[in-house]
Amino acid sequence: MTESPLATKCVVIGAGQAGLSVAYYLQKLGLEAGEEFVLLDRGPGTGGAWQHRWGSMRLGSAHRVNDLPGMDELGLSFGTADRDVPAKQVVADYYRQYEEHYNLQVVRPATVTKVTDTGGPLLLDISTEAGIIDLLGSTIVNATGTWGSPFVPWYPGLRDFAGRHLHTAQYERAADFADQDVVVVGGGTSAIGFLLELDGVARSLTWSTRRDPEFIDGPSLNLEDAVKAVGMQDDASRAGRALPSIVSGTGVPRTRRIQSGLERGVLASRGVIERIEPDGVRFESGEFAPAQAIIWATGFRPELRHLAPLRLREPEGGVIVSSHHSERDGRIFFAGYGPSASTIGANRAGRNIARQVVATLSRLGR
């Protein structure tokens, strides 16, 4: 006789900021963690994607983390966190305290490899240290983020490069590039951070962007820019298009450190790459930059491979998400996707998603 799979009312996939926020509100609405909802996380420890970021990153205006709902009850706030400590350590420690305080019973490491529709509940295949576990969920909140799906654009000659290709997700320390010619590709805060770190370490630095970054006055984003960025994400998710980057809608705050980099000429883009050659890159202008390493700070894509059997993707490359749920399947919710893809909107979405999950469970008679 085959043993029946475990079952729960809601499965939250991912224990980063978005997943923890949803779990907090599910608990506030009366669902019991570990029984009526299960929170899964593939990471070995707390902190979401932050636990994998490079050690030199510090919390600040460019890399900001909003407080989780209810974090003030612990006497914690990222706004007053020590900026001399690596951000990955701060976030991991605060999230650990948060999970313990609210007894969220996160199951980790647990990777959801596939979700299928049984005609009733949704069936999740989960890879754990103990083997594969099957879990039935009446609803699913997908909060997997993007860190596990790095994006590298294609250029002619990409595979002919004799040096080292490295994505943001693989970057560890500037010292790894001492006395090397380095090309950094990408127009976001990570690319800028790499350039500032590598200045004086690498033998030469070259920056490539598709468009000139917009440096905005002031040390942080203003409300108008934040609202614009969220609106662009919302429009794309409602239409099922691939999601734009947050930076494309907000610009980059002109902090003192960034202003110094601009004045020194470190943050001067050479423009668009035409092709990659074995020993460097050739730009559309005809200029050539030698390189032993190319750092691709070209962003990430939403991690949705495990949802492929449900056929939620649109021809335009995205998933149609309206009011945080899939238009193709109302049992599946998305946290940290579209307008809630950054700290700008994740916590606000947590409350709304939790309410919708409870309402959906009521309609399903669960």
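Good morning. I begin with a convention: two helix axes count as roughly perpendicular when the angle between them is 65 to 115 degrees, and as roughly parallel when it is under 35 degrees. Both categories will be needed for the helix pairs in this structure, which is a predicted model.

Let me first describe the chain as a whole. The chain contains seven helices and 17 strands. It has 366 residues, of which 50% count as buried. As for its contacts, if one takes those with a separation of 6 or more, 67% come from residues 24 or more positions apart.

I turn now to the pair formed by helix H3, residues 189-198, and helix H6, residues 256-264. Their axes come within 11 Å and cross at roughly 65°. With the convention I opened with, H3 and H6 are therefore roughly perpendicular to each other. The crossing in which H3 passes H6 is left-handed. Which residues of the two helices meet? From H3 they are Ile-192, Leu-196 and Glu-197, and from H6 they are Arg-257, Ile-258, Gly-261 and Arg-264. Sorted by class, this contact of H3 with H6 comprises three nonpolar, one polar and three charged residues.

The second pair is H1 with H2, and I shall take the helices one at a time before bringing them together.

Helix H1 covers residues 17-28. For its 12 residues, a rise of 1.5 Å a residue predicts a span of 16 Å, and the end C-alpha atoms are 17 Å apart, which agrees. H1 is mostly covered, with 10 of its 12 residues buried. The buried set runs through Gln-17, Ala-18, Gly-19, Leu-20, Ser-21, Val-22, Ala-23, Tyr-24, Tyr-25 and Leu-26. After H1 comes Gly-30, with a positive phi near 105°.

Helix H2 covers residues 87-101. Here the expected span for 15 residues, again at 1.5 Å a residue, is 21 Å, and the end C-alpha atoms of H2 are 21 Å apart, in agreement. Its buried residues are Ala-87, Val-90, Val-91, Ala-92, Tyr-94, Tyr-95, Tyr-98 and Glu-99. A general point helps in reading such a list: an α-helix has 3.6 residues a turn, so residues three or four places apart point the same way. Against what do the buried residues of H2 pack? They pack against H1.

How, then, are H1 and H2 arranged? Their axes are 12 Å apart and the packing angle is about 20°. H1 and H2 are therefore roughly parallel to each other. H1 passes H2 in a left-handed crossing. At the contact, Gln-17, Leu-20 and Tyr-24 of H1 meet Tyr-95, Tyr-98 and Glu-99 of H2. By class, that contact has four nonpolar residues, one polar and one charged.

I now follow the chain beyond H2, into the loop that leads to strand S3, residues 110-117. Two backbone features in this loop deserve attention. One is Asn-103, which lies in the loop between H2 and S3 and has a positive phi near 50° in a residue other than glycine. Asn-103 is partly exposed, at a relative accessible area of 46%. The other is the cis peptide bond joining Arg-108 and Pro-109, with omega at about -10°. Pro-109 also belongs to the loop between H2 and S3.

Strand S3 itself contains Asp-117. Is Asp-117 buried, exposed or partly exposed? Its relative accessibility is 43%, so it counts as partly exposed. Leaving aside residues up to four places away in sequence, Asp-117 touches Leu-122, Leu-310, Asp-329 and Arg-331. One further distance concerns Asp-117 and Leu-136: they are 19 residues apart in sequence, and their C-alpha atoms are 9.7 Å apart in space.

One last backbone feature remains. Arg-311 has a positive phi of about 55°, although it is not a glycine. Arg-311 is found in the loop between strand S14, residues 293-296, and strand S15, residues 321-322. Is Arg-311 buried or exposed? With a relative accessible area of 71%, Arg-311 is exposed.

To close, I return to the two helix pairs: H3 and H6 are roughly perpendicular, whereas H1 and H2 are roughly parallel. In each pair the crossing is left-handed, for H3 with H6 and for H1 with H2. Thank you.

How values were computed: Residues numbered from 1 in each chain as written. Predicted model: local features only at pLDDT ≥ 70, side-chain atom pairs only at ≥ 80, totals over all residues. Heavy atoms only, no water. Axes fitted to C-alpha atoms, helices over the stretch in contact; angles between N-to-C directions. Helix = DSSP H or I, 4+ residues; strand = E, 2+ residues; numbered from the N terminus. Parallel < 35°, antiparallel > 145°, perpendicular 65-115°, else oblique. Left-handed = near helix turned anticlockwise from the far one by under 90°. Contact = heavy atoms within 4.5 Å. Nonpolar A, V, L, I, M, F, W, Y, C, P; charged D, E, K, R; others polar. Expected span 1.5 Å × (residues − 1). Buried < 20%, exposed > 50% of the residue type's maximum accessible area, 1.4 Å probe, protein only.
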